[in-house]
Amino acid sequence: MNFTRLKESDEYRRRREELRVAELDLVDHVERVATLRRQLQADTVVDDYQLVDAASGDPVRLSGLFSGPDRALILYHFMYGKAQAEPCPLCTMWIDGYNAIAAHLMRNADFAVVAAAEPAAIRTHAASRGWSNLRLLSAGDSTFKYDLGSEEADGSQTEWISVFTRGVDGTVRHLYSKGAQVADDRRERGIDLLSPVWHLLDLTPAGRDDWYPSLSY
C-alpha cells in the first residue's frame, strides 16, 4: 500500500510495509480484546450506592445514573480527595478529553466522573478546567470507591474505570473495572486507550518518552 505520493526510498517503503502489517495485527488484537470484554457476564450485583451530585450537592443513587435499562454506565474514578489532596494531573488530562467528547459518547452510553473529594472541591476544579458537559459526582460517605478498587483503606486513590448495567427491575450489576496498573512493571499503561494524547505522541520520533501531564503549562 502507498500512503503518500512522495519519492520515498526503497528501504523506507520496506520498513513502512513491515509497520503496516504490525499495525494491522494491533487492530486485530484490540478487537479480540474488546470481544473478550464484551463477553464478560454482568452477574455481580452491587449495592445501590448513594453518591452526591457535585453540581447540586443532592444525593443520587448509582441506579439513578442510568438514563435507560438498555444502556451501560461508564464511571471514571478521579484521583482526587482523601489522601490525594490535589487533583491528579493525569486524570485531569483524561477528563479534559471526556468533556470534549461527552455529547458523542452519551449517544451510546451513560457516563460520569466520581471522586472522593467534597462536592465544592470538585466544582472548583471543574470550573478551572471548563468541564461543562460532564456529570461529576462525589463518593461522599459511601464505600463505593473502596469496594470497586480505586481507593485503599488509607485513603489513597488510583485512576480507574468501571462499567455497570441495570436491569428492568433496577438492579445494578458490575461488568468491568480496570486501573492503570496491569502488572508490577506496568504502572501507568493499563488505560492508555482512554486518551489519544499518548497515541499521538507515539507517532513522533521521540515518542512519549517520560512526558507527564501537568495541571498548568
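**Close-up views of a predicted protein chain**

In this predicted model, 61% of the contacts in the protein chain between residues at least 6 apart in sequence join residues at least 24 apart.

**Figure 1. Overall view of the protein chain, with five helices and eight strands.** From the N terminus on, the elements follow the order α-β-β-β-β-α-β-α-β-α-β-β-α. The C-alpha trace spans about 65 × 40 × 35 Å along its principal axes. Of the 217 residues in the chain, 38% count as buried. The accessible surface amounts to about 13000 Å², and carbon and sulfur atoms account for 53% of this surface. The chain carries 25 positive and 33 negative charges, whose mean positions lie 7 Å apart.

**Figure 2. The largest nonpolar core, a set of 30 residues.** The members that touch the most other members are Y76, F78, I95, V113, L134 and L136. At least two residues of this core are supplied by each of the elements β4 (73-78), α2 (89-105), β5 (110-115), α3 (119-129) and β7 (160-166). Helix α2 provides the largest share, seven residues. In soluble globular proteins, nonpolar side chains tend to be buried together.

**Figure 3. Surroundings of I95 in the largest nonpolar core.** With residues up to four places away in sequence left out of the count, I95 touches Y76, F78, V113, W131 and L134. Among these partners, Y76, F78, V113 and L134 are also listed with I95 as the core residues that touch the most other members.

**Figure 4. A second nonpolar core, separate from the largest one.** This core comprises 17 residues. Its members include L62, V114, F144 and L148.

**Figure 5. A network of salt bridges linking E11, R14, R15 and E18.** A search of the whole structure finds 13 salt bridges, and two of the pairs in this view involve E11. The closest N and O atoms of E11 and R14 are 2.9 Å apart. Both E11 and R14 lie in helix α1 (residues 10-38) and are separated by three residues, about one turn of the helix. E11 also forms a salt bridge with R15, with the closest N and O atoms 2.8 Å apart. E11 and R15, both in helix α1, are four residues apart, again about one turn of the helix. Is E11 buried, exposed or partly exposed? E11 counts as partly exposed because its relative accessible area is 39%, a value between the limits of 20% and 50%. R14 is likewise partly exposed, with a relative accessible area of 44%.

**Figure 6. The salt bridge between E151 and K82.** The side chains of these two residues meet with an N to O distance of 2.8 Å. Which parts of the chain does this pair link? E151 belongs to the loop between α4 (144-148) and β7, whereas K82 belongs to the loop between β4 and α2. The two residues are 69 residues apart, and the pair thus links distant parts of the chain. E151 has a relative accessible area of 9% and is therefore buried, as this class requires a value under 20%. K82, at 48% relative accessibility, counts as partly exposed, since the exposed class begins over 50%. The pair in this view therefore joins a buried acidic residue, E151, to a partly exposed lysine, K82.

Conventions:
Residues are numbered from 1 along each chain as its sequence is written. This is a predicted model: local features need pLDDT of at least 70, side-chain atom pairs count only at pLDDT 80 or more; totals for chains, interfaces and linings use all residues. Side-chain values use heavy atoms; hydrogens and water are left out. Buried means under 20% relative accessible area, exposed over 50%, partly exposed in between (1.4 Å probe, protein chains only). Contact means heavy atoms within 4.5 Å. Accessible areas come from the Shrake-Rupley method with a 1.4 Å probe; for residues, only the protein chains shown count as cover. Lys and Arg count as positive and Asp and Glu as negative; His and the chain ends are not counted. The place of a charge is taken as NZ of Lys, CZ of Arg, CG of Asp or CD of Glu. A nonpolar core is a set of buried Ala, Val, Leu, Ile, Met, Phe, Trp, Tyr and Cys residues joined through side-chain atoms within 4.5 Å. A salt bridge is a side-chain nitrogen of Lys or Arg within 4 Å of a carboxyl oxygen of Asp or Glu.
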